[in-house]
Amino acid sequence: MPGPGEPLWLPEDRWWALALLEAESGLCRDCGHLLAETTHIDAEYAYDAQLTKCHACAAGALRMTQHQENGGRTEGIQVGVFRRKQL
């Protein structure tokens, strides 16, 4: 934690933050792959996908569905997921 009068961001920190923004600007916001590659015409059938079930996300989605089915509105709702038992 910076002390009084000390900058929160040093020049090197700003440089790294800008470099990260630059690097991420070329990535797809959904899958994280390089847009220069994934949007190229030759890449149309170059990718496959795998489904993975996250049980924590599934519990959150189920709770949201139950909320909606009971007439609950979803605007502004955030779902907190917690572990009930140890594995």
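**Briefing: a three-helix chain, from Val81 outward**

Val81 sits in the segment that follows helix H3 (55–69), and it is a handy place to start a tour of this predicted model. With a relative accessibility of 45%, Val81 counts as partly exposed, because that class lies between the 20% and 50% limits. Val81 also belongs to a nonpolar surface patch, together with Ile77 and Val79. From there, the points below move to the overall fold, the surface, the charges and two individual residues.

**Overall fold**
- The chain contains three helices and zero strands, and its order along the sequence reads α-α-α.
- Its radius of gyration is 21 Å, well over the 12 Å that the globule rule gives for 87 residues, so the chain is more spread out than a compact globule.
- Taken along the principal axes, the box filled by the C-alpha atoms is roughly 55 × 50 × 35 Å.

**Burial and surface**
- Of the 87 residues in the chain, 3% count as buried.
- About 8700 Å² of the chain is exposed, and carbon and sulfur atoms supply 57% of that area.
- The patch made by Ile77, Val79 and Val81 has about 220 Å² of accessible area, counting the three residues together.

**Charges**
- There are 8 positive and 12 negative side chains in the chain.
- The centres of these two sets of charges lie 19 Å apart.
- One salt bridge turns up when the whole structure is searched.
- Arg73 and Glu75 form a salt bridge through their side chains, with an N to O distance of 3.0 Å.
- Both Arg73 and Glu75 are exposed.

**His33, in a loop**
- You will find His33 in the loop that links helix H1 (11–24) and helix H2 (35–38).
- His33 has a relative accessible area of 39%, so it is partly exposed.
- Between His33 and Ala49 there are 13 Å in space, C-alpha to C-alpha, for a separation of 16 residues in sequence.

**Glu22, in helix H1**
- Glu22 is part of helix H1.
- The relative accessible area of Glu22 is 58%, so this residue counts as exposed.
- Glu22 and Pro11 are eleven residues apart along the chain, and their C-alpha atoms are separated by 17 Å.

Note on methods
Residues are numbered from 1 along each chain as its sequence is written. This is a predicted model: local features need pLDDT of at least 70, side-chain atom pairs count only at pLDDT 80 or more; totals for chains, interfaces and linings use all residues. Side-chain values use heavy atoms; hydrogens and water are left out. Patches are made of residues with over 30% relative accessible area and no salt bridge: like charges are joined within 9 Å, nonpolar side chains (Val, Leu, Ile, Met, Phe, Trp, Tyr) within 5 Å. Accessible areas come from the Shrake-Rupley method with a 1.4 Å probe; for residues, only the protein chains shown count as cover. A salt bridge is a side-chain nitrogen of Lys or Arg within 4 Å of a carboxyl oxygen of Asp or Glu. Helices (H or I, at least four residues) and strands (E, at least two) are DSSP runs, numbered from the N terminus. Buried means under 20% relative accessible area, exposed over 50%, partly exposed in between (1.4 Å probe, protein chains only). The radius of gyration is taken over C-alpha atoms; the globule rule is 2.2 Å times the number of residues to the power 0.38. Lys and Arg count as positive and Asp and Glu as negative; His and the chain ends are not counted. The place of a charge is taken as NZ of Lys, CZ of Arg, CG of Asp or CD of Glu.
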